[in-house]
Amino acid sequence: MTLLTPLLILLVVAVLVGLVWLFSPAAALQAAISVGVIACMGISTGILGELLPRRWFNWDKFPFKTYAWEDGGKLYERLKIRRWKDKMPDKSRWGGHIYAKTIRGQNDPENVTRLLQETCVAELIHWLLLVISPAVLLFAHGPMAVLVAALYGLSNFPFIMIQRYNRPRLRTLLKRCKRKEPELV
């Protein structure tokens with residue numbers, strides 16, 4: 001995924017709003033306002049996520065810890081997450097992050113710890129977006145605005161699932177890295 005991803009998403013949204021415009025200009029206007037509000041919420045929470053101190057996030061404590069019902073991430077595997085998780089838009093791939101959110105070649109305890117914190121931050125931001133998605137209705141009205149707000153709120157669940165799927169795997173990697181670390185010294 002590259003910088004083209006947000007541009008393609010914008011293009012698809014514009015085409016969809018244009019199609020709605022053919023049938024109902026009023027609904028298309030409400031959809032466009034809704035999308036604008038959603039973009040502002042996404043940008044604002046993205047900035048907030050970048051500003052939050054990572055030391056505030058502990059992957060072994062509520063609400064980020066892995067719960068028994070998640071079966072160490074196996075619940076998400078039953079939902080075929082491996083097939084679709086890498087196809088989802090990922091801001092860290094085109095958002096100009098200072099910190100590269102990848103394991104490749106950097107599987108030391110410090111990097112894995114930071115990645116665990118990043119999963120917590122991402123999960124928090126997506127929960128926040130889900131909760132504030134009805135704010136769209138403060139600016140746009142009608143059935144189209146309700147539909148857009150509901151779909152946007154629900155669209156955050158796959159991203160939350162991805163973070164919760166990755167976290168147990170990263171915890172296992174961190175334990176492995178910590179066992180190996182004394183050998184390297």
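## A walk along an all-helix chain

Of the chain's 185 residues, 35% count as buried. What you have open is a predicted model, so a quick look at confidence comes before the stops.

**Colour by pLDDT.** The chain averages 84, with 84% of its residues at 70 or more. Select residues 91-94: this is helix α5, where confidence is lowest, at a mean of 65. Now jump to residues 109-132, helix α6, where confidence is highest, at 94.

**Switch to cartoon.** You should count 8 helices and 0 strands. Going from the N terminus, the order of elements reads α-α-α-α-α-α-α-α.

**Stop one: the loop between α2 and α3.** Helix α2 covers 25-51 and α3 covers 74-78, and P63 sits in the loop between them. Show the backbone of F62 and P63 as sticks. Which kind of peptide bond joins F62 and P63? It is a cis bond, with omega at about 0°. As background, most peptide bonds are trans.

Stay in that loop and select D71, which also lies between α2 and α3. Check its backbone torsion: phi of D71 is near 55°, positive in a residue that isn't glycine. In general, most residues other than glycine have a negative phi. Is D71 buried or exposed? Neither label fits: D71 counts as partly exposed because its relative accessibility is 37%, and that class runs between 20% and 50%.

**Stop two: the loop between α3 and α4.** Select K80, in the loop that leads from α3 to α4 (81-84). K80 isn't a glycine, yet its phi is positive, at about 60°. With a relative accessibility of 45%, K80 counts as partly exposed.

**Stop three: D108.** Move along to the loop between α5 and α6, where you'll find D108. Its relative accessibility is 34%, so D108 counts as partly exposed too. Now add L174 to the selection and draw a distance between the two C-alpha atoms. How far apart are the C-alpha atoms of D108 and L174? The separation is 7.8 Å, although the two positions lie 66 residues apart in chain numbering.

**Last stop: the positive patch.** Show side chains for K175, R176, R179 and K180, then turn on the surface. Together these four residues form a patch of positive charge there. For orientation, K180 belongs to helix α8, which spans residues 157-184.

Methods: Residues numbered from 1 in each chain as written. Predicted model: local features only at pLDDT ≥ 70, side-chain atom pairs only at ≥ 80, totals over all residues. Heavy atoms only, no water. Patch = residues over 30% accessible without salt bridge, like charges linked within 9 Å, V, L, I, M, F, W, Y side chains within 5 Å. Areas by Shrake-Rupley, 256 points an atom, 1.4 Å probe, with all protein chains shown as cover. Lys, Arg positive; Asp, Glu negative; His and termini not counted. Charge placed at Lys NZ, Arg CZ, Asp CG, Glu CD. Helix = DSSP H or I, 4+ residues; strand = E, 2+ residues; numbered from the N terminus. pLDDT = per-residue confidence, 0-100. Buried < 20%, exposed > 50% of the residue type's maximum accessible area, 1.4 Å probe, protein only.
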